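Visitor: I have a structure to go through before the afternoon. Could we take it step by step?
Guide: Certainly; here it is.

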Amino acid sequence: MLRSLPAAIAFAPLLFCAPARAAGMLVEPPVFQSRNGVLDIMMVAMPRPIAGISFRLPRGGAVIHPTGWVYRICPRPPSGLSCPAGKGTASAYGGARLALEPGDVLKVRFVNRLPAIDPATLKHATDAGGSNLFLNPTNLHTHGIVTPPRVPTADDPTYGDYSYVSIFNSANGRPVAHAGHEHGPIAMDTVDYVIPIPADHPRGLYWFHPHEHGLSLNQVSEGLSGLITIGSVGDYARGDASPGRWPAANVRHLMLKETQVLATGDVFHQQDPDFCEQFPGKGEVREGSCPGKNDADDKRDFTGGAWYMTVNGQRFPNVPITSADGEIWRLVNGSANVTWDLKLVDDATHEPIAMQVVSVDGAAAHLPQAHENAGAVPCANATPSARCVSEIVMMPGSRAELWVTYRDAHGAVARPPKGASATLRMVGIRMGTGDAWPAVDLAKVRFQQRGARKLTRNEVVVARSDAAAAPMHSVVLSGAPEPACAPLPPGHRRRIFFGLSDVTRNDSFALGYEELDGEGKVVPGSQKPAPDELEQFEPSHTTICLPLGPGQAPVHETWEVVQLSTENHNFHIHQTRFRLAGSRGEPLQDNFPLGVAVPDATIADEVTKRQSGACTIAQWRSGHCDSPARVFDVPFSQPGEFVYHCHILEHEDGGMMGKIRVVASPS
């Protein structure tokens, strides 16, 4: 989570900003800014050629721009369901940025204009309730924002950040009502969202994307995602040589997206981690992409295709750093599945350049038990509170803010020599025993810093306010009374298992649940779906229900998360933010990378060869599967229905998700 300083709320005019394009230079995402406490926009999900990717069809064919899916965004027009062409409308594959302040209200008229999908290309079209997925329904989720998951009422037909609604494009046909659906309410063509930002909401970096269960992977991998900022970096950061706020001119926003293009020129929206070799061959240069290969093991031939890894939708852009004080980079992993293992490598020394961490949410210097190189390094000449990394690992859904400036061979901030440059590199990573992501060079960074430093000597100073540490105020919904549910008794905690419902199937991603008493013993009858079992997501099953506190006060709970897989997962929950228990000084976050389970010698062969790389709950309880629980303090303040899940979208779509309901207190 991002740290913040109190700041007066000021609103700029609603506007769309599109910097002039310089060939090969990294371009900031287009910006839509709130005005007088409101950002009121239309957002149309639709297909559009990806301008930043030029793909040559095999055997001397034409150069094309593959068609991805984008959000066309504009200030809300007086009528109609389409944005006008020209100035004021953005359709950026790399993602637009919605710029908000605490206390703002985000209003979105959301329109689905996505094409239908061939059911044969969909992994979950034959799942229970998935028969309508080929019609390509979608919705909108504001990831990381603590806001009510509100549903329409007779008095208010709008939605809050509610991930169960499915919006269909009527041009594709109407869904078959009797077939059911994975989520809940069905809407045709458009819905209106009204998403309030609490006045005490932490300032920082967030993002938005679809959350249609069974299609999240497909829609995000096609390009549907964008950035949200609340406040500015200057609200919580300054240089160590100046008391002033960090200037917006020294800030970049970087959206990391990737897409696989088949030899036909079509985007492969189901994705395959074996699309290309993990590491380049001798003499191979990978600037923003890697070539498709023949994946004989899975009987898929990607030869002639390319896997593009872009920054703001651009392939291998130039990033000139001209300010003597360097820049703060705000990075978002906008990928469906890919974990980005990032280094900034000096082109002269071939060594990574240290970067100071300003904030993280779901990112890590390394992944526990899955990566040999711990990326934390000293911040030369800085105070002990400053944290630097030579490498940062970003799982899906994570964000990070890094101070980037030239440093000498000793890691000290220095004036760069003439022609100094570095390569932002995805170095490649394997997710425990799971997917291996490829090594690709992402951007060329040119250190063109001249003149005296005015803001910094050795570090960026980051402050955290009480608002960043406190839960948001509760918002109680009007309407029919909620079903009653009991609070967690004092001293009790919840335990969530990440693993497989059927260890003979490596795609049966699932979660398990139980309650523990004050002595750490399992409460009889609390286990769901049954003792020592895990369940794939079933929307009719509410796994966890809890009331707010007296007077509708926020409630804190303690959750344990246990990883049973030898493949990495990451824990994400909607409508709240959490921290590791006992780490009162650490910031809240909404996304946490989990380590991997380590089976001992007595069961290692069984787990590897016959259990799809996942331990059972019984093996974990017996001590034969080493995986310490990660314990979190989780505050709840927003009543309604929402979810917790793994943010690797293949895993979420496959069932690694659970339903939670928060209800109003009766007192």
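Guide: A definition is needed before the pocket is described: a pocket is an open set of grid points with protein on both sides within 12 Å along at least five of seven lines, and its lining residues have an atom within 4 Å of a point. Please keep in mind that this is a predicted model.

Visitor: Fine. What is the volume of the largest pocket?
Guide: The volume of the largest pocket is about 780 Å³.

Visitor: And which residues lie nearest its centre?
Guide: P273, D435, N506, F509 and E650 lie nearest the centre of the largest pocket, whose lining comprises 31 residues.

Visitor: How many of the lining residues are nonpolar, polar or charged?
Guide: The lining of the largest pocket has eight nonpolar residues, 13 polar ones and ten charged ones.

Visitor: Which elements each supply at least two residues of that lining?
Guide: Strand β30 (436–437) and helix α5 (649–653) each do so.

Visitor: Changing topic: how many salt bridges does the structure hold?
Guide: The structure holds 33 salt bridges. In one of them, the side chains of D347 and K444 meet at 3.0 Å, N to O. That pair links distant parts of the chain, 97 residues apart: D347 sits in the loop between β23 (340–346) and β24 (355–364), and K444 in strand β31 (residues 440–447).

Visitor: Is K444 buried or exposed?
Guide: K444 counts as buried because its relative accessibility is 17%, and the cut-off for buried is under 20%. D347 has 23% relative accessibility and therefore counts as partly exposed.

Visitor: What about R505 and D507, how do their side chains meet?
Guide: The side chains of R505 and D507 meet in a salt bridge of 3.3 Å, N to O. R505 counts as partly exposed at 36% relative accessibility, and D507 counts as partly exposed at 29%.

Visitor: And R577 with D590, where in the chain are they?
Guide: Their side chains form a salt bridge of 2.8 Å, N to O, between R577 and D590. R577 lies in the loop between β37 (570–573) and β38 (579–580), whereas D590 lies in the loop between β38 and β39 (591–593), 13 residues apart. Both R577 and D590 are buried.

Visitor: Which residues are joined into one network by shared partners?
Guide: R493, R495, E514, D532, E560 and R621 are joined into one network by salt bridges that share partners.

Visitor: Now the strands. How many residues of β13 are buried?
Guide: Six of the six residues of strand β13 (residues 204–209) are buried, so the strand is mostly covered under the 20% cut-off.

Visitor: What pairs with β13?
Guide: Strand β9 (residues 141–143) is joined to β13 by three bridges, and the two run antiparallel; here H143 stands opposite W207 in β13. Strand β14 (residues 226–230) also pairs with β13 in the antiparallel sense, over five bridges, and Y206 has I228 in β14 as its bridge partner.

Visitor: In what order do the five strands of the open sheet come?
Guide: The order is β35-β44-β43-β37-β39, with mixed pairing. Strands β35 (544–547) and β39 are the edge strands, each pairing on one side only. From one strand to the next, the twist averages 15°.

Visitor: How many bridges pair β43 with β44?
Guide: Strand β43 (residues 640–646) and strand β44 (residues 657–663) pair over six bridges in the antiparallel sense. One bridge there sets H645 against M657 in β44.

Notes: Residues are numbered from 1 along each chain as its sequence is written. This is a predicted model: local features need pLDDT of at least 70, side-chain atom pairs count only at pLDDT 80 or more; totals for chains, interfaces and linings use all residues. Side-chain values use heavy atoms; hydrogens and water are left out. A salt bridge is a side-chain nitrogen of Lys or Arg within 4 Å of a carboxyl oxygen of Asp or Glu. Helices (H or I, at least four residues) and strands (E, at least two) are DSSP runs, numbered from the N terminus. Buried means under 20% relative accessible area, exposed over 50%, partly exposed in between (1.4 Å probe, protein chains only). On a 1 Å grid over the protein atoms alone, a cavity is a set of points where a 1.4 Å probe fits but cannot get out, and a pocket is an open set with protein on both sides within 12 Å along at least five of seven lines; lining residues have an atom within 4 Å of a point. Grid points are joined across faces, edges and corners, and a volume is the space filled by probe spheres set on the points. Ala, Val, Leu, Ile, Met, Phe, Trp, Tyr, Cys and Pro count as nonpolar, Asp, Glu, Lys and Arg as charged, and the others, Gly among them, as polar. Two strands pair if DSSP finds at least two bridges between them. Axes are lines fitted to C-alpha atoms, for helices over the stretch in contact, and angles run from 0 to 180 degrees between N-to-C directions.
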